[in-house]
Amino acid sequence: MSKSKISPTEVFFLSFGGQSPFISLIAFGTVMLSYVGSNAAFAMIVTTLLVMVNASVVYSLSKRFNKGGGYYTYALHALTSDLGITTGWMYILYSLAYGGTLMIGGVYVLNLLTGLDPFYLTLIVGMLASGIVIAGVKISAKYAVAVGILEIIAILGISIFFMYENGFRFYDPVPAQFPSGLPEAILFGIGIPSGYSSIVSYPEEIENAGKTVSKISILVPLIGGGLATFFFYSLATLSFNTSLVDLLLSKFGIIGGIAISAIALSDAVLGGIAYLLAGSRTLYNMSKNGHLVYVLAKEYKGQPKAAEILVSVLVVLSLLFLSKDFGPWWPWG
């Protein structure tokens, strides 16, 4: 693998990008609000605590194993070879499915805002994410830093604006009794601060991987969950019964629509990058260990280009098929 290492800051934003924070807030957040309404901030606090339990497991395992492959490697060495192979396949399918979900979520938002054909929007998002990943992990990391900083600023800015709209009224987010839709809200809410563990697939490409990966596996879901909680907290005293996209458009108009479109596009690409990197590295390590055809372990300039290209092609073709035949719809949209 490449001797060029990505810095802790770059690793943080690649991990943060696995959450696709803006897209996740729009997609999963709309559902959470439909179940618990003004109690969404409380639901997000509970959700973040639950996600942190899984993060603590990743924290421990990433300190013990510094080899690439993530969950595949953990199961391979801590359990059995068969479970390692099964886990590897499951994670590859997960990375394709979850990364694809984040990309198609961005397409959904872009389609609502622009009215452009979702097939071509999907092609644009897929090709951009694939192109950046194949260009190299350093370029992917630099993209993640730039977009991640802008997203944090955007989410904080929107949240502070909503607080301003409601006169900076502060309240206790813990309800007197648990809302009836809390379990469902938590179920969907888990998708917001998740995704941080994509970086465990390539520790060999990370500076001081043992400490960096373990610390970031705790820090990213904490920050992601905190941002989401503040966002929902700021919404609680606003009266609206539309989707979050419609709310943002009503508040910020056409200029806001353009800005939201740009954020949705960049965020969809970022989410795709995080999981294309993770999936390709899992595929690469399985091939290197003889559990898949060895051609997928081939490198070019220290990068697993064969695995990257295969994963990228599979994701783009799958999303194009789904977009063409089904469209980027959501049951709550």
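# A guided tour, starting at Ser 194

Select Ser 194 and Ile 190 to begin: a polar atom of the Ser 194 side chain sits 2.4 Å from the backbone oxygen of Ile 190. Keep in mind as you look around that this is a predicted model.

**Stop 1: around Ser 194.** Zoom out a little and you will find Ser 194 in the loop between helix H8 (182-189) and H9. Is Ser 194 buried or exposed? Its relative accessibility is 14%, under the 20% cut-off, so Ser 194 counts as buried. Now show its surroundings: beyond its neighbours within four places in sequence, Ser 194 is in contact with Gly 18, Gln 19, Val 51 and Tyr 98. Add Pro 221 to the selection as well. Ser 194 and Pro 221 are 27 residues apart along the chain, and their C-alpha atoms are separated by 6.5 Å.

**Stop 2: helix H1.** Next, select residues 8-17, which form helix H1. How many of the residues of H1 are buried? Eight of the 10 are, so H1 is largely enclosed by the rest of the structure. Colour the buried ones to see them: Glu 10, Val 11, Phe 12, Phe 13, Leu 14, Ser 15, Phe 16 and Gly 17. To see what covers these buried residues, switch on helices including H2 (21-36), H7 (137-165), H9 and H10 (244-288).

**Stop 3: Glu 10, inside H1.** Stay in helix H1 and pick out Glu 10. With a relative accessible area of 8%, Glu 10 is buried. Follow the side chain of Glu 10 and you arrive at the backbone nitrogen of Ser 7, 2.9 Å away. Glu 10 also touches Lys 138, Ala 141, Lys 142 and Val 145, leaving out residues up to four places away in sequence.

**Stop 4: where H1 meets H9.** Show H1 together with helix H9, residues 209-235. The two helices pack with their axes 9 Å apart, at an angle of about 50°. That angle makes H1 oblique to H9. H1 passes H9 in a right-handed crossing. To light up the contact, select Pro 8, Val 11, Phe 12, Ser 15 and Phe 16 on the H1 side, then Thr 212, Ile 216, Leu 219, Val 220, Ile 223, Gly 224 and Leu 227 on the H9 side. Colour this contact by residue type and you get nine nonpolar residues, three polar and no charged. As you compare positions along a helix, it helps to know that an α-helix has 3.6 residues a turn, so residues three or four places apart point the same way.

**Stop 5: where H2 meets H9.** Keep H9 on screen and bring in H2. Their axes come within 12 Å and cross at roughly 50°. H2 is therefore oblique to H9. The crossing of H2 past H9 is right-handed. Which residues meet here? Leu 25, Gly 29, Met 32 and Leu 33 in H2 meet Ala 228, Phe 231, Phe 232 and Leu 235 in H9. The residues of this contact divide into seven nonpolar, one polar and no charged.

**Last stop: Glu 308.** Finish by selecting Glu 308, which is placed in helix H11 (residues 305-325). Its relative accessibility is 1%, so Glu 308 counts as buried. Show the residues that Glu 308 touches, apart from those up to four places away in sequence: Val 133, Ile 134, Ser 280, Arg 281 and Gln 303.

Note on methods
Residues numbered from 1 in each chain as written. Predicted model: local features only at pLDDT ≥ 70, side-chain atom pairs only at ≥ 80, totals over all residues. Heavy atoms only, no water. Helix = DSSP H or I, 4+ residues; strand = E, 2+ residues; numbered from the N terminus. Buried < 20%, exposed > 50% of the residue type's maximum accessible area, 1.4 Å probe, protein only. Contact = heavy atoms within 4.5 Å. Axes fitted to C-alpha atoms, helices over the stretch in contact; angles between N-to-C directions. Parallel < 35°, antiparallel > 145°, perpendicular 65-115°, else oblique. Left-handed = near helix turned anticlockwise from the far one by under 90°. Nonpolar A, V, L, I, M, F, W, Y, C, P; charged D, E, K, R; others polar. Polar contact = N/O pair within 3.5 Å; in protein donor to acceptor, adjacent residues only side chain to side chain.
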